[in-house]
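Subject: Structure for you to look at

Hello,

Here is the structure I promised to pass on. Please open it and keep it beside this email while you read.

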Amino acid sequence: PMGLEGVVETAIGNSTFYCYNLTAAELTSLGIDFDELVLFPIQTAHDIYQDYEYVSDTTRILMYTLGSLYIVDLLLLLLFVWNVLRDTWATKRAIPPVLYTALLQVFVCVFRVVFLF
């Protein structure tokens, strides 16, 4: 990675770690001052380099979870719309403005569920 030679790749659990031994001579040859040097570990997901997958397993699980939650939200909104319309029809009152907002949210939920699945 990053054009470095001698990088050791170590897999621990579901993560991959890249280890590299920096010497003072290498840092000096690169023109890096020791006061400006910041070292940090690099950790990647276990399936980050799979070319045949568009998204990782973690992202896929999150998308399915969000999709199922939007389905629950959609069902509750449809129940709300049904009750408001039934009440409006029974009492012959005007349609409340909140119904329009609920219908807009129903359409948003449908599109989000389609996108996530």
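Below is what was found in it, starting with the whole chain and ending with single residues.

First, a caution: this is a predicted model.

**The whole chain**

Start with the overall layout. The chain has three helices and three strands. Walk along the sequence and they come in the order β-β-α-β-α-α. There are 117 residues in the chain, and 15% of them are buried. The accessible surface is about 9600 Å². Carbon and sulfur atoms hold 67% of that surface. Now take the contacts with a separation of 6 or more. Of these, 49% are between residues 24 or more positions apart.

**Helix α2**

Next, find helix α2. It covers residues 57-91, which makes 35 residues. Does its length fit its residue count, or not? At 1.5 Å a residue, α2 should span 51 Å, and its end C-alpha atoms are 51 Å apart, so the two values agree.

Which residues of α2 are buried? They are Gly 67, Leu 74, Leu 77, Val 81, Val 84 and Thr 88. Buried here means under 20% relative accessible area. Helix α3, residues 97-116, is part of what covers them.

**Tyr 64 and its partners**

Now pick out Tyr 64. This residue sits in helix α2. Tyr 64 is partly exposed, at 42% relative accessible area. Leave out residues up to four places away in sequence, and Tyr 64 touches Leu 116 and Phe 117. Val 113 is worth a look too. Its C-alpha atom is 9.1 Å from that of Tyr 64, although the two residues are 49 apart along the chain.

How many aromatic pairs are there? The count is one. The rings of Tyr 64 and Phe 117 have centres 5.7 Å apart and planes at 20°, so this pair is stacked. The cut-off behind that word is an angle under 30 degrees between the planes. Tyr 64 is in helix α2 and Phe 117 is in the segment after α3, so the pair ties together parts that are 53 residues apart in sequence. Phe 117 itself is exposed, with a relative accessible area of 52%.

The two residues also share a surface feature. Together with Ile 71, Leu 75 and Leu 78, Tyr 64 and Phe 117 form a nonpolar patch on the surface. The accessible area of these residues together is about 490 Å².

**Salt bridges**

Then turn to the charged side chains. The structure holds two salt bridges.

- Arg 60 and Asp 57: their side chains meet at 3.4 Å, N to O. Both are in helix α2, three residues apart, so about one helical turn separates them. Arg 60 is partly exposed, at 27% relative accessible area. Asp 57 is also partly exposed, at 33%.
- Arg 93 and Asp 87: the closest N and O atoms of this bridge are 2.7 Å apart. Arg 93 is exposed, with a relative accessible area of 52%. Asp 87 counts as partly exposed, at 35% relative accessibility.

**Lys 92**

Finish with one backbone angle. Where is Lys 92? The residue is in the loop between α2 and α3, just after α2. Its phi is near 60°, a positive value in a residue other than glycine. Why point this out? Because most residues other than glycine have a negative phi. Lys 92 is also exposed, at 64% relative accessibility. The cut-off for that word is over 50%.

**What to look at first**

If time is short, go to three places. Look at the stacked rings of Tyr 64 and Phe 117. Look at the salt bridge between Arg 93 and Asp 87. Then look at Lys 92 and its positive phi.

Best wishes

Terms used:
Residues are numbered from 1 along each chain as its sequence is written. This is a predicted model: local features need pLDDT of at least 70, side-chain atom pairs count only at pLDDT 80 or more; totals for chains, interfaces and linings use all residues. Side-chain values use heavy atoms; hydrogens and water are left out. Helices (H or I, at least four residues) and strands (E, at least two) are DSSP runs, numbered from the N terminus. Buried means under 20% relative accessible area, exposed over 50%, partly exposed in between (1.4 Å probe, protein chains only). Contact means heavy atoms within 4.5 Å. Accessible areas come from the Shrake-Rupley method with a 1.4 Å probe; for residues, only the protein chains shown count as cover. The expected span of a helix is 1.5 Å times one less than its number of residues. Patches are made of residues with over 30% relative accessible area and no salt bridge: like charges are joined within 9 Å, nonpolar side chains (Val, Leu, Ile, Met, Phe, Trp, Tyr) within 5 Å. A salt bridge is a side-chain nitrogen of Lys or Arg within 4 Å of a carboxyl oxygen of Asp or Glu. Rings of Phe, Tyr and Trp (its six-membered ring) pair if their centres lie within 6.5 Å; planes under 30 degrees apart count as stacked, over 60 as edge-to-face and the rest as tilted.
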